[in-house]
Protein chains: 2
Amino acid sequence: MLSPIQEYVEQLHSRYASSMEGHVADYIPELSKADPRLFGICIATRDGHVYEVGDTRHPFTIQSISKALVYGLALEDRGEEHVLSRIGVEPSGEAFNAISLREGSGAPFNPMINAGAIATAGQILKKDGKSRIERVVEYLSGFAGRDLTINQSVYRSESETGHRNRAIGWLLRNFGILDEDPDETLETYFQQCSVEVTCRDLALMGATIANQGIQPLTRKRAIAAEYVDNVLGVMATCGMYDWSGEWIYRVGLPAKSGVGGGILAVLPGQLGIGIFSPPLDKQGNSDRGIKVCMDLSRELALHMMNPTATPRSAIRLKYHGGEVVSRRRLPPQTRDLLRANGTMIQVMELQGGLTFTTIEPVIRLATSLSAECRHIIFDLRAVVNANSVSLILLANLGTRLAPQGVRVIFCQPARLMTALRTVGIPEADIFTTMDAALEHCEDSLLLEVTGASWRPHVPLHLKSCTLFRNCSDAEIAFLESELPRRHYEGGQTIISTGDLATEMLVMVSGNVEVQIPTENLTRKRIDVLTAGMTVGEMAFLDGSARSADVVALESVECVVISKAWFDSLNERNPALKITLLQEMTHEIASRLRQANLSISAFHRS
Amino acid sequence: MLSPIQEYVEQLHSRYASSMEGHVADYIPELSKADPRLFGICIATRDGHVYEVGDTRHPFTIQSISKALVYGLALEDRGEEHVLSRIGVEPSGEAFNAISLREGSGAPFNPMINAGAIATAGQILKKDGKSRIERVVEYLSGFAGRDLTINQSVYRSESETGHRNRAIGWLLRNFGILDEDPDETLETYFQQCSVEVTCRDLALMGATIANQGIQPLTRKRAIAAEYVDNVLGVMATCGMYDWSGEWIYRVGLPAKSGVGGGILAVLPGQLGIGIFSPPLDKQGNSDRGIKVCMDLSRELALHMMNPTATPRSAIRLKYHGGEVVSRRRLPPQTRDLLRANGTMIQVMELQGGLTFTTIEPVIRLATSLSAECRHIIFDLRAVVNANSVSLILLANLGTRLAPQGVRVIFCQPARLMTALRTVGIPEADIFTTMDAALEHCEDSLLLEVTGASWRPHVPLHLKSCTLFRNCSDAEIAFLESELPRRHYEGGQTIISTGDLATEMLVMVSGNVEVQIPTENLTRKRIDVLTAGMTVGEMAFLDGSARSADVVALESVECVVISKAWFDSLNERNPALKITLLQEMTHEIASRLRQANLSISAFHRS
């Protein structure tokens with residue numbers, strides 16, 4: 001099915017397909033040959049999905065759009081302060097070809113006017129055996145995600161007619177903004193402007209900037225993350241010649257246009273837009289490009305200052321240890337204790353990008369909860385990324401709460417581990433699964449409440465096993481005499497998925513883990529059972545195949561209840577059978593209650 | 001406990017507390033009296049939480065900061081196009097007091113220079129019996145959330161020495177930018193600059209703009225939402241005099257400073273910052289204010305172009321109808337059918353703010369899923385707000401999928417109802433609870449799979465009731481003879497929370513709803529049971545008190561199993577007791593399996 005978004009872009013294209021205002025650039029003969037009917041619109045998301053319509057694969061020269069990107073290379077080569085000492089970042093209020101140099105220093109007002117762009121080209125280093133222009137073309141190619149080339153006839157045309165730019169070059173040399181005679185720098189600049197791109201390239205270049213500098217398709221870094229906001233900053237204030245103020249006012253997207261008819265616009269962190277239509281308006285911006293961007297910004301609500309597109313609190317879900325418990329089985333009375341004291345363990349599931357704004361409400365809530373709990377678990381598994389300020393605030397929270405006896409614990413995916421360590425969060429406070437984190441807090445809480453470990457002293461007498469707790473002494477003796485014992489070594493598989501369930505086991509010592517295979521061939525733990533509990537009763541009861549593996553975690557001793565023996569009780573000892581069935585029903589019902597509590601906790605919103 | 005965020009703001013304050021560079025404004029005697037040591041920092045979130053340190057409650061005059069806000073009033077009074085015809089929005093590259101008027105039209109370059117601000121004051125209407133300045137003070141008070149007043153001695157001082165501004169006023173009159181002689185407009189302007197605010201006011205004013213124009217504490221609208229981005233736009237390009245470009249480059253927050261020593265900065269959609277420190281740098285901006293904002297922006301990563309602070313896909317959770325089912329009980333075989341065909345119902349739980357960027361991946365996923373399902377449910381309950389483009393795209397998705405036989409359904413909170421209707425989503429596709437939405441899809445799917453309704457034809461014979469399905473004919477006859485029948489009218493309460501469970505019921509006709517009381521005194525449905533099912537067996541089994549109410553939805557006929565009778569079976573008919581217990585255990589175990597499936601679906605991330 002055609003996506004409604006693709007449909008929208010197509011409608012937008014038709015809306016302006018016959019609009020032919022403005023004039024193709026004619027200051028050099030090569031540009032004046034452009035077909036004014038060419039028209040492409042392209043939107044690229046930061047994960048590299050592209051919506052495109054019209055002449056989005058038609059090559060044209062990048063022209064001034066290169067100024068914004070090459071400025072990034074200058075920053076990478078020379079550092080921010082050096083570049084700022086040569087080229088300002090103030091809008092000049094003048095046209096692109098004005099020779100706006102600051103009184104005294106001779107520094108161009110900003111890198112988006114020709115003087116600033118030529119000065120910027122002069123900052124590019126020759127490196128690794130490559131000339132300036134080779135490095136520039138390679139750099140621009142990194143944004144596009146493909147090898148770009150120079151249109152030689154446009155370059156020759158630019159170079160032959162670039163008298164004014166040569167004058168600018170010599171003025172810059174005069175002021176010492178250029179360290180050497182300007183010829184090579186000027187040729188670099190003329191070639192840089194003559195690099196051929198398509199409308200699709202522009203959108204992907206924008207998406208690369210939106211994606212913190214990583215090209216979405218090649219997954220390679222095109223620009224250092226730290227300079228992304230600088231490039232966007234100059235695009236925002238100076239990108240559209242002397243229409244920049246009105247552009248930000250109306251369209252609200254950092255952008256750069258070129259006289260070849262291209263416009264590259266970026267919604268920071270979100271998407272890139274490329275427009276191609278050669279006829280220019282009187283400020284030198286693509287006439288249709290401006291119209292399309294104004295419509296796009298308004299109709300898709302892309303204005304950067306539009307406050308509907310803002311991050312919210314990172315809290316996805318908040319619950320406590322009485323609602324959601326670790327996936328291990330606990331004895332009934334332990335389960336009850338945990339449910340009664342569950343609010344002492346508070347869990348906040350965080351999501352999305354962690355920034356000051358999204359973490360601030362989290363810190364606020366945690367600060368207030370800390371008065372009445374002993375453990376705060378931050379589940380970071382749904383966190384997509386986290387900037388350092390957010391992690392520092394979480395680390396500080398832990399440091400400040402420790403003296404109050406409140407422990408802050410993190411459950412996190414491997415990818416955040418280095419970042420968490422870097423901000424000084426102790427290794428011991430970081431868990432890799434929620435089960436491990438919850439278990440840790442539960443054990444600590446139960447120890448505090450009861451003064452002793454909930455784990456049974458083993459081996460247990462049968463009467464201490466849950467299934468048999470309502471049996472009479474005579475029944476216990478009967479069970480002792482009838483039920484065979486079995487032993488498993490640690491690591492041994494007790495039950496295999498898919499097997500027919502012909503028995504259930506009652507453990508008198510040891511621990512077992514219930515596991516299911518996952519998509520990536522590892523095994524996921526779904527339960528842990530300890531001495532006193534019944535193993536494998538679900539499939540045993542409903543006659544279905546085993547739905548999970550059970551593996552001994554250590555040496556395990558158990559009694560075996562076979563289906564034949566259990567069936568035989570109907571005749572031989574119906575009272576015992578009834579007692580056992582009632583206990584099993586009771587136990588499963590209790591687990592169902594807990595499961596329903598968890599579902600309610602997960603389900604509320 | 002002191003929040004780590006409060007602690008950070010305090011540290012930042014100490015860092016600059018002794019820094020005393022720059023000079024207090026002295027162009028009028030009143031301003032020169034300001035104590036250069038005064039220093040306040042305040043951050044206000046868009047929900048009105050305030051972090052403040054230092055002299056945040058000390059009054060000072062708002063000065064040029066008023067220009068940004070009063071521009072909003074001019075837009076509200078006259079509309080965007082009219083205001084733009086009188087006052088441009090281009091940065092001038094010149095100092096604040098330059099007389100930058102466009103050649104020809106005489107329009108000031110932008111509303112942040114004095115000429116533009118005086119022209120803006122001239123746009124304010126006298127209305128509702130109020131003078132211009134009364135309306136201006138009221139307007140500014142709306143942002144602060146308290147009644148502001150004019151500092152009369154500063155006003156007199158401004159008026160007595162404002163010769164240059166008077167010259168500007170007459171030039172504007174000369175060009176017809178002002179429609180009347182400038183005296184009253186100038187006095188309005190001088191008074192507007194003399195309104196007293198505090199650092200805290202500035203932060204809350206900023207938070208108001210961040211909050212789409214709603215003052216976070218009073219919850220009243222201070223500025224029409226449609227003009228918020230315009231005000232932010234001129235702040236971004238022209239707010240910091242001739243340091244605006246460098247400000248956006250380095251700090252990246254739309255802001256406005258005043259010679260009184262204040263700076264108001266906004267992270268659009270997120271928070272407001274107020275700084276107060278009277279000594280100014282050579283551009284006329286608060287020297288410490290600039291330094292603090294540079295640190296704040298870098299250390300809290302608040303740069304507007306910083307891409308970590310961006311919205312992500314709105315998809316919170318995706319699951320299908322085999323994993324999560326409506327909270328009503330289904331007969332076992334129906335449950336199995338649903339589990340087998342569950343992928344035909346796809347559910348996407350959306351969250352946060354819906355914008356083009358957050359909805360685009362949703363549309364993309366839905367478009368691809370539509371090839372292999374019959375129902376797509378969008379659960380909108382966790383959606384905080386939705387702009388119209390996002391809803392239009394969802395509506396278009398429904399329209400396009402209908403001919404393919406795929407139904408798009410919405411579960412939404414009441415607050416989105418009007419918005420959903422406005423974009424043309426049919427009433428029949430909107431459900432208010434997920435249960436209702438799931439039930440609708442489940443019924444439709446089951447009908448399609450089996451060709452008949454799954455609902456039992458009633459009244460049922462006992463043998464057709466789940467609990468009795470494994471009973472022999474003799475046992476059925478025994479049950480018929482022993483179990484009393486009971487009748488309930490629709491609306492009658494069958495079980496009340498807290499009661500002791502002395503019986504369970506097997507329904508032969510009718511429907512009942514299981515409800516729990518909620519915090520706001522309404523009742524929440526947690527289950528619906530139909531004929532053939534057992535009611536109240538959980539508490540009956542484990543001897544606990546009833547945990548929910550059960551209410552007849554229509555006329556209900558059932559047989560009653562009392563605890564005494566059930567117990568008596570141990571002796572009188574142990575075989576039947578065993579059969580019944582086994583069936584109950586089987587049923588509860590099956591529900592536990594489904595619950596565990598749901599938990600896994602909710603828990604993955």
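In chain A, the centres of domain 1 and domain 2 lie 47 Å apart, taken over C-alpha atoms. The assignment for chain A gives domain 1 (4-299), domain 2 (315-450) and domain 3 (462-602). Such bounds come from an automatic or database domain assignment.

This is a predicted model, in which local features need pLDDT of at least 70, side-chain atom pairs count only at pLDDT 80 or more, and totals for chains, interfaces and linings use all residues. Residues are numbered from 1 along each chain as its sequence is written, chains are lettered from A in the order in which they are written, and side-chain values use heavy atoms, with hydrogens and water left out.

**Where the chains meet**

Chain A and chain B each bring 114 residues to the contact (heavy atoms within 4.5 Å). How much area is buried between chain A and chain B? It is about 10,300 Å², and carbon and sulfur atoms give 62% of it. Buried area here is the accessible area (1.4 Å probe) that two parts lose on being put together, summed over both.

Eight salt bridges link chain A and chain B. Each is a side-chain nitrogen of Lys or Arg within 4 Å of a carboxyl oxygen of Asp or Glu. One of them joins B:Arg250 to A:Glu81, at 3.3 Å from N to O.

Which helix of chain A gives the most to the side that touches chain B? Helix 22 (residues 574-603) does, with 19 residues. Helices (H or I, at least four residues) and strands (E, at least two) are DSSP runs, numbered from the N terminus. That side of chain A divides into 56 nonpolar, 35 polar and 23 charged residues. Ala, Val, Leu, Ile, Met, Phe, Trp, Tyr, Cys and Pro count as nonpolar, Asp, Glu, Lys and Arg as charged, and the others, Gly among them, as polar.

**Two loop residues in chain B**

Both residues below have a positive phi without being glycine.

| Residue | Phi | Loop between | Relative accessible area |
|---|---|---|---|
| B:Tyr241 | near 55° | helix 11 (228-238) and helix 12 (244-250) | 8% |
| B:Ala301 | near 55° | helix 13 (287-299) and strand 8 (315-320) | 15% |

B:Tyr241 is buried, and B:Ala301 counts as buried too. Buried means under 20% relative accessible area (1.4 Å probe, protein chains only).

**A covered helix in chain A**

Helix 7 (residues 152-161) of chain A has these buried residues: A:Val154, A:Tyr155, A:Ser157, A:Glu158 and A:Ser159. Their cover includes helix 2 (29-32), strand 3 (60-61), helix 8 (163-174) and helix 9 (183-193) of chain A.

Key:
Buried means under 20% relative accessible area, exposed over 50%, partly exposed in between (1.4 Å probe, protein chains only).
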